[in-house]
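Subject: Structure handover and notes

Hello,

Here is the structure you were expecting, with my notes underneath. Please look through the model first and then read on.

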Amino acid sequence: MVHFDSSVSRTDLFVPGEYGPAQIVDAALAFSGGGTNFEPALRAAAEVIDRTGGFAKADVIMVTDGFAGEVGAWWEQYRKEKQVTSFGVAIGCEVTDAFRSCVDEAITVEDLAPNSPDERDVADKLFAI
């Protein structure tokens, strides 16, 4: 899990058998605020994929509540070479062309309350990856 705003503020790697619920909750509750830049986050995700070597055909899920500029062509090439699938969730904002260029599929959600239409749509798409 790569936490980002205009830069990467934290990276959490959940290796099976080496983490528990407390680490997951801590990571899920972490918040970094201040701008949005997809490039550093995607570079960090690529570094994790490359460093661990255990993520053949990795899935990258980008979650954002903001707008950012285009990501360099390297990310598209990287996705093809490594067979990375990427999915985007835009929370409370539109899916921009810049965001769409980072992911294979993207959706916008407004309400993730339990049993809301958005919550079911996100769950259906994420668990289909």
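The notes below cover the sheet, the aromatic rings and the salt bridges, in that order. Please keep in mind that this is a predicted model.

The sheet

Three strands make up an open sheet in the order β3-β4-β5, and their pairing is parallel. The edge positions belong to β3 (59-64) and β5 (105-109); each has a single partner strand, so one side of each has no neighbour in the sheet. From one strand to the next, the twist averages 15°.

β3 and strand β4 (residues 85-91) run parallel and are joined by 6 bridges. Two of the residue pairings are worth having to hand. Val63 has Val89 as its bridge partner in β4, and Thr64 has Ala90. To get from β3 to β4 the chain passes through helix α3 (residues 74-82), and this β-α-β crossover is right-handed.

Which side chains of β3 are buried, and which are not? The strand alternates: Val60, Met62 and Thr64 point to one face and are buried, whereas Asp59, Ile61 and Val63 point to the other face and are not. Of the two bridged residues named above, then, Thr64 belongs to the buried set and Val63 to the other.

Aromatic rings

The count of aromatic pairs is 6. One of them is Phe4 with Phe38: the ring centres are 6.3 Å apart and the planes meet at 70°, and because an angle over 60 degrees counts as edge-to-face, that is the class of this pair. Phe4 is in strand β1 (residues 2-4) and Phe38 is in helix α2 (residues 38-52), so the pair ties together parts of the chain that are 34 residues apart in sequence. Both residues are buried, Phe4 with a relative accessible area of 15% and Phe38 with 0%.

Another pair is Phe14 with Tyr19, which is also edge-to-face, at 5.1 Å centre to centre and 65° between the planes. Here the residues are partly exposed: Phe14 has 26% relative accessibility and Tyr19 has 37%.

Phe4 and Phe38 also belong to a cluster, in which ring pairs link them with Phe99.

One ring has a charge over it. The charged end of Arg43 sits over the ring of Trp74, 4.2 Å from the ring centre.

Salt bridges

Side chains of opposite charge can pair when their charged atoms come close. How many salt bridges does a search of the whole structure find? The total is 6, and three of them are described here.

Asp26 forms a salt bridge with Arg10, and their closest N and O atoms are 2.5 Å apart. Asp26 is in helix α1 (residues 21-29) and Arg10 is in strand β2 (residues 8-11), so this salt bridge ties together parts that are 16 residues apart in sequence. Asp26 is partly exposed, with a relative accessible area of 44%, and Arg10 is partly exposed as well, at 25%.

Within helix α3, the side chains of Lys80 and Glu76 meet in a salt bridge with an N to O distance of 3.4 Å. These residues are 4 apart in the helix, so about one helical turn separates them. Lys80 counts as exposed, at 57% relative accessibility, while Glu76 counts as partly exposed, at 44%.

The next salt bridge also involves helix α3: Asp104 pairs with Arg79, and the closest N and O atoms are 2.8 Å apart. This pair links distant parts of the chain, since Asp104 lies in the loop between α4 (97-100) and β5 while Arg79 is in helix α3, 25 residues away. Is each of these residues buried or partly exposed? Asp104 is partly exposed, at 48% relative accessibility. Arg79 is at 12%, and because anything under 20% counts as buried, Arg79 is buried.

Arg10 and Asp26 come up once more, as salt bridges with shared partners join Arg10, Asp12 and Asp26 into one network.

If you want a place to begin in the viewer, helix α3 (residues 74-82) lies on the crossover from β3 to β4, and it holds both Lys80 and Glu76 as well as Arg79.

Regards

Conventions. Residues are numbered from 1 along each chain as its sequence is written. This is a predicted model: local features need pLDDT of at least 70, side-chain atom pairs count only at pLDDT 80 or more; totals for chains, interfaces and linings use all residues. Side-chain values use heavy atoms; hydrogens and water are left out. Rings of Phe, Tyr and Trp (its six-membered ring) pair if their centres lie within 6.5 Å; planes under 30 degrees apart count as stacked, over 60 as edge-to-face and the rest as tilted. Buried means under 20% relative accessible area, exposed over 50%, partly exposed in between (1.4 Å probe, protein chains only). A charge sits over a ring if NZ of Lys or CZ of Arg is within 6 Å of the ring centre and within 35 degrees of the ring normal. Two strands pair if DSSP finds at least two bridges between them. Axes are lines fitted to C-alpha atoms, for helices over the stretch in contact, and angles run from 0 to 180 degrees between N-to-C directions. A crossover is right-handed if, with the strands pointing away from the viewer, the path from the first strand over the helix to the second runs clockwise. A salt bridge is a side-chain nitrogen of Lys or Arg within 4 Å of a carboxyl oxygen of Asp or Glu.
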